[in-house]
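This briefing is meant to be read with the sequence and the coordinates side by side. It takes up the domains first, then one helix, and then a few backbone details.

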Amino acid sequence: MKRIGILNSGGDCPGLNAVIHGVVGAADQMGWEVIGFRDGFEGLLPPGNFTYLKPKDTIGILKLGGTILGTTNKGHFVAKVGKGDIAKVPDEIVAQAKQTMDLLGIDALVVVGGDGSLTTGLQLFREGWPIIGVPKTIDNDLSATAFTFGFDSAVSTVVDALDRLNTTAESHKRVMVLEVMGRHAGWIALWGGMAGGANVILLPEIPFDLNRVAKFIKRRQMQGQLSTLVVVAEGAKMPDGELVTVGSTTQGEVRLGGIGEQVAHALEKLTGKETRACTLGHLQRGGSPTALDRITGLRFGVMAAKLAAEGAFGRMVSYQAYHVDSVLIEEAVNCLRLVDPNSEVVQAAKAVGICLGDQ
Ligand code: F6P
């Protein structure tokens, strides 16, 4: 019997279990077996940390957040270090993991991960492994796919938070600043802010001037709009051009966070209005996936199984123009998709009077 291995790698994201459900269901129909490796690539290290997955094991997981297989963004297989530098996974680690692959007779390994994990997958593919990639990120910043599962759930969490912040902001006539995730891309901030009725949205892609934002808030005040909702992306840069960080990971990658407090402090000083900051943090990654993320994850999983059956290794599942397809992994990694300041969606935000801090 042919066997598909599957692992989740990097940060978790709502919809991972939907992918597992899709792979297991489709593989079963193909007459293939599925083995799930625990905690990312680490599960491949001898003696192997894995479980056989049959359709009965995936009953009810579609709606669950997180991943039943566990994941990690640390360990022996990290490809991206520091400022996006690419590290090679050491030969002896690759050789050890290969032993597990061979012992279990894995014919295709589905790697569900973001840019870093897919970069590891690409190295392994180039070393002859039967790799199939599935893109995963709440940040929605992979250029080779128009959309990834997890993003919609994160945006929904931002919208829910803004709905809640709005009532307290109105009651106290305050400015509320909400810091959201997204790393160096502003998609979560832009979509969440627009859908949640934010008045100000500050993005990594659009340099902002807090004096302009303060003027905007004061103008609102004069027009009788006494509260203001500000969304700031964690990867936005303060006017001095600096990222706001809370140190770095063990791999030397910066950990973003803290810009919300800084923006709130500056706006309070500039406007004289009472201002509070709220950081949404990992709430954006947790909880049940939305319906869209469930179906996207499921379709991605089915496509991954199909690519395995076709022997289409080195390819990554990709969503393009309303259908699920695939692209070469090497075309998908190291190419972030950022918000285009001149795009229609940014213009739409401006057209309805949202301040992006640039005008
Ligand atoms: O890439 C997903 C993401 O949630 C980013 O938006 C965020 O900056 C980062 O991961 C947080 O990572 P960690 O879980 O390691 O704190």
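**Domains, a helix and backbone details**

Domain 1 and domain 2 bury about 1100 Å² between them, and 54% of that area lies on carbon and sulfur atoms. The model is a predicted one, and the bullet points below are grouped by topic.

**The two domains and their interface**

- The domain assignment of the chain gives domain 1 as residues 3–149 + 289–332, and domain 2 as residues 154–285.
- To the contact between them, domain 1 contributes 16 residues and domain 2 contributes 14 residues, while the C-alpha centres of the two domains lie 33 Å apart.
- Across this interface the rule finds 1 salt bridge, and the count of residue pairs in polar contact between domain 1 and domain 2, with both residues at pLDDT 80 or more, is 1.
- A salt bridge joins the side chains of R285 and D12, with a distance of 2.9 Å from N to O.

**Helix α1**

- Helix α1 covers residues 16–30, which makes 15 residues, and it reaches 21 Å from its first C-alpha to its last, close to the 21 Å expected at 1.5 Å a residue.
- The buried residues of α1 are L16, N17, A18, V19, I20, G22, V23, V24, A26 and A27.
- What covers these buried residues includes the strands β1 (3–8), β2, β3, β6 (108–113) and β7, together with the helix α8 (291–310).
- After α1 comes G31, whose phi is positive, near 80°.

**A cis peptide bond**

- The peptide bond that joins P46 and P47 is cis, with omega at about 10°.
- P47 itself is placed in the loop between β2 (33–37) and β3 (50–53); both of these strands are also among the elements that cover the buried residues of α1.

**Positive phi outside glycine**

- N140 is not a glycine, although its phi is positive at about 55°, and this residue lies in the loop between β7 (131–135) and α4 (151–172).
- N140 counts as buried because its relative accessibility is 3%, which falls under the 20% cut-off for that class.
- Y322, likewise a residue other than glycine, has a positive phi near 70°, and its place is in the loop between β14 (315–320) and β15 (323–328).
- Y322 counts as exposed because its relative accessible area is 74%, which is over the 50% cut-off for that class.

Note on methods
Residues numbered from 1 in each chain as written. Heavy atoms only, no water. Helix = DSSP H or I, 4+ residues; strand = E, 2+ residues; numbered from the N terminus. Buried < 20%, exposed > 50% of the residue type's maximum accessible area, 1.4 Å probe, protein only. Expected span 1.5 Å × (residues − 1). Contact = heavy atoms within 4.5 Å. Domains from an automatic or database assignment. Buried area = accessible area lost by both parts, 1.4 Å probe. Salt bridge = Lys/Arg side-chain N within 4 Å of Asp/Glu carboxyl O. Polar contact = N/O pair within 3.5 Å; in protein donor to acceptor, adjacent residues only side chain to side chain.
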